[in-house]
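Please work through the exercises below with the sequence and the coordinates open beside you. Each one sets a task and is followed by a solution in steps.

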Amino acid sequence: MKNKYIDLIEQTFEFPQAEFKLIDDELYFYDVPLLDIIKQYGTPLKITYLPKISSQIQRAKRLFNVAMAKVDYQGEYHYCYCTKSSHFSFVMEEALKNDIHIETSSAFDINLVNELYEQGKISKDVHIICNGFKRPQYIENIAELINNGFVNTIPILDNKEEVDLLETNVTGKCQIGMRIASEEEPMFEFYTSRLGIRYNDIVDFYIKRIKRSKFEVKMLHFFINTGIRDTAHYWNELSKAVNVYCDLKKVCPSLTCLNIGGGFPFRNSLAFSYDYEYISEEIVAQIQQVCNARGIVEPDIFTEFGSFTVAESGATLFSIINQKQQNDRELWYMIDSSFMTTLPDTWGINQRYIMLAINNWDHEYQRVFLGGLTCDSQDFYNSEGRSNAVFLPKLHLDKPQYIGFFNTGAYQESLGGYGGIQHCLTPAPKHILIDRDENGEYFTKLFAKEQSHKSMLKILGY
Ligand SMILES: Cc1ncc(COP(=O)(O)O)c(C=O)c1O
């Protein structure tokens with residue numbers, strides 16, 4: 001009878017996959033034996049596999065450059081890393097090995113840029129695309145960058161008032177961009193995004209306020225918060241944005257760049273399927289088509305992929321520390337941490353990740369509910385991408401059970417308030433980095449120990 005965990009996985013998905021394989025009943029992630037890692041560092045544990053960050057950046061560049069070559073596109077592709085998806089120094093350092101530009105979203109991001117410059121990791125000609133609603137400190141920091149010679153800093157106006165603030169703070173001439181407020185998906189609670197300037201106002205605002213100022217509009221920015229998806233809504237919004245680009249270009253010759261934001265998805269299920277080649281080719285072709293029809297030179301295309309760049313470098317590993325049969329049908333496996341604090345998207349937006357047992361694949365499987373350690377009734381995980389249930393190996397008293405949540409490398413630490421106060425004072429897990437040496441052998445490095453009670457009590461004023 002095929003009732004083992006390995007049977008379930010092999011029958012439900014294509015397995016093994018490029019990222020995951022099983023050797024001697026133990027799971028490997030990018031050819032790294034996870035049980036060895038757990039033996040060395042314990043659980044709960046966050047890991048970051050650094051080479052994946054570079055390979056994703058190279059992949060994005062390849063996708064767009066190939067798409068452009070196919071249609072003989074006249075503009076260039078520029079990859080920007082969106083820092084908010086993970087600000088950690090090890091992520092930035094890995095990303096910066098790939099000749100990239102940077103997108104920022106708040107005042108402290110500019111301090112981060114300055115720090116990278118002081119450490120010699122970036123030069124002053126890197127493009128710094130400054131998005132977000134700008135409070136005075138953010139404006140001051142941006143202006144300081146520009147005044148200090150970061151010549152490719154492009155503040156993107158999120159609202160019309162920002163131009164007045166910039167004017168007061170920037171001493172010389174400066175390039176800027178404008179963000180279009182896109183229409184939300186039909187099922188969303190609002191019609192139009194609160195971020196950016198209304199479609200219909202862009203050209204008029206340029207003519208009345210910017211044209212004769214010291215600012216040169218270089219970039220039009222547009223981003224759909226539901227991401228880049230093969231839906232009528234996305235293609236319709238893209239086409240509208242390119243048409244606004246063409247309208248603006250007619251009166252604003254300095255405009256040369258279209259920024260399509262982030263929104264490439266990451267693999268959140270073993271059955272994930274997304275045709276990145278088709279989507280990039282379609283984006284490039286559609287921009288070209290509209291521009292050709294309107295007699296406008298094709299723009300350089302900028303992207304700001306966050307999740308796509310870092311999510312798949314991360315994993316979060318837990319032990320099952322107990323099981324609780326709470327009624328005939330509900331069997332809980334308790335993890336040694338909390339979902340709400342370590343993977344807040346599972347709670348906040350019902351994000352699903354690839355979740356797999358790390359050992360005991362030869363055990364029978366059963367349906368379980370996964371419970372976190374906080375007292376909060378919402379601290380659980382009980383469904384997968386394509387099924388309303390979670391299945392894991394049956395526990396044997398003599399064998400520990402480890403599980404992994406994979407592709408968790410984007411946004412979770414910043415949303416969870418890494419290193420701060422956590423629900424029920426649950427400490428942030430230990431975090432390690434995995435890299436490869438020149439012979440291709442993997443090695444590990446401790447980035448952070450498990451959060452200590454001292455650090456939390458200090459924040460709390462004790
Ligand atoms: C302006 C902008 N660019 C890029 C991103 C990154 O999006 P993603 O992580 O989906 O690629 C975001 C996300 O909120 C954003 O607001």
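## Exercise 1: Cysteines

The structure, which is a predicted model, holds 0 disulfides.

Task: Determine how far the sulfur of Cys-82 is from the nearest cysteine sulfur, and decide whether Cys-82 is buried or exposed; then examine the sulfur of Cys-375 and its closest cysteine sulfur.

Solution. Step one is the distance for Cys-82: the nearest cysteine sulfur belongs to Cys-80 and is 9.6 Å away, and Cys-82 is in no disulfide. Step two is accessibility, where Cys-82 has a relative accessible area of 4% and is therefore buried. Step three turns to Cys-375, whose sulfur is 3.5 Å from that of Cys-424; because a disulfide requires the sulfur atoms to be within 2.5 Å, this separation is too far for a bond. Step four adds the accessibility of Cys-375, which at 66% counts as exposed.

## Exercise 2: Aromatic pairs

Task: State how many aromatic pairs there are, and classify the pair of Tyr-5 and Trp-361 from its ring geometry.

Solution. Step one is the count, which comes to 35 aromatic pairs. Step two takes the rings of Tyr-5 and Trp-361, whose centres are 5.0 Å apart and whose planes stand at 90°, so that the pair is edge-to-face. Step three places the partners: Tyr-5 is in helix H1 (residues 5-12), while Trp-361 is in the loop between strand E16 (354-357) and strand E17 (365-371), and the pair therefore ties together parts that are 356 residues apart in sequence. Step four notes that both Tyr-5 and Trp-361 are buried. Step five looks at the rest of the helix, where the buried residues of H1 are Tyr-5, Asp-7, Leu-8 and Ile-9, and the elements that cover these buried residues include E16, E17 and strand E19 (390-393).

## Exercise 3: A ring in several relationships

Task: Describe the aromatic pair that Tyr-276 forms with Phe-308, and then find which residue lies over the face of Tyr-276.

Solution. Step one gives the geometry: Tyr-276 and Phe-308 are 5.4 Å apart from centre to centre with 55° between the planes, and the pair is tilted. Step two locates Tyr-276 in helix H10 (residues 276-294) and Phe-308 in helix H11 (residues 307-310), so the pair ties together parts that are 32 residues apart in sequence. Step three compares burial with the cut-off: buried means under 20% relative accessible area, and therefore Tyr-276, at 4%, is buried, as is Phe-308, at 0%. Step four widens the view, since ring pairs link Tyr-276 and Phe-308 into a cluster with Phe-64, Tyr-77, Phe-264, Phe-272, Tyr-274 and Phe-305. Step five identifies Arg-59 as the residue lying over the face of Tyr-276, at 4.5 Å from the ring centre.

## Exercise 4: A threonine and its surroundings

Task: Establish where Thr-48 is placed and with which side chain the side chain of Thr-48 makes a polar contact.

Solution. Step one puts Thr-48 in strand E4 (residues 45-49). Step two considers accessibility, and at 5% Thr-48 counts as buried. Step three supplies the polar contact, which joins the side chain of Thr-48 to the side chain of His-431 at 2.8 Å. Step four lists the contacts of Thr-48 beyond its neighbours within four places in sequence, namely Ile-53, Phe-90, Ser-313, His-431, Ile-432, Leu-433 and Ile-434.

## Exercise 5: Around the ligand

Task: Say which of the 14 residues around the ligand come nearest, and give the distance from an oxygen atom of the ligand to the side chain of Tyr-411.

Solution. Step one names the residues that come nearest among the 14: Gly-263, Glu-304, Gly-306, Ser-307 and Tyr-411. Step two takes backbone N or O atoms, one of which in Gly-263 lies 2.8 Å from an oxygen atom of the ligand, while one in Ser-307 lies 2.9 Å from a ligand oxygen atom. Step three takes the side chain of Tyr-411, in which an N or O atom is 2.5 Å from an oxygen atom of the ligand.

## Exercise 6: Backbone geometry

Task: Identify the form of the peptide bond from Phe-15 to Pro-16, and find the phi of Asp-24.

Solution. Step one finds that the peptide bond from Phe-15 to Pro-16 is cis, with omega near 0°, and that Pro-16 is in the loop between H1 and strand E1 (20-23). Step two finds that Asp-24, although not a glycine, has a positive phi of about 50°; Asp-24 is in the loop between E1 and strand E2 (26-29) and is exposed, with a relative accessible area of 69%.

Methods
Residues are numbered from 1 along each chain as its sequence is written. This is a predicted model: local features need pLDDT of at least 70, side-chain atom pairs count only at pLDDT 80 or more; totals for chains, interfaces and linings use all residues. Side-chain values use heavy atoms; hydrogens and water are left out. Helices (H or I, at least four residues) and strands (E, at least two) are DSSP runs, numbered from the N terminus. Buried means under 20% relative accessible area, exposed over 50%, partly exposed in between (1.4 Å probe, protein chains only). A polar contact is a pair of N or O atoms within 3.5 Å; within protein, one must be able to donate a hydrogen and the other to accept it, and residues adjacent in sequence count only if both atoms are side-chain atoms. Contact means heavy atoms within 4.5 Å. Rings of Phe, Tyr and Trp (its six-membered ring) pair if their centres lie within 6.5 Å; planes under 30 degrees apart count as stacked, over 60 as edge-to-face and the rest as tilted. A charge sits over a ring if NZ of Lys or CZ of Arg is within 6 Å of the ring centre and within 35 degrees of the ring normal. A residue is near a molecule or strand if one of its heavy atoms lies within 4 Å of it.
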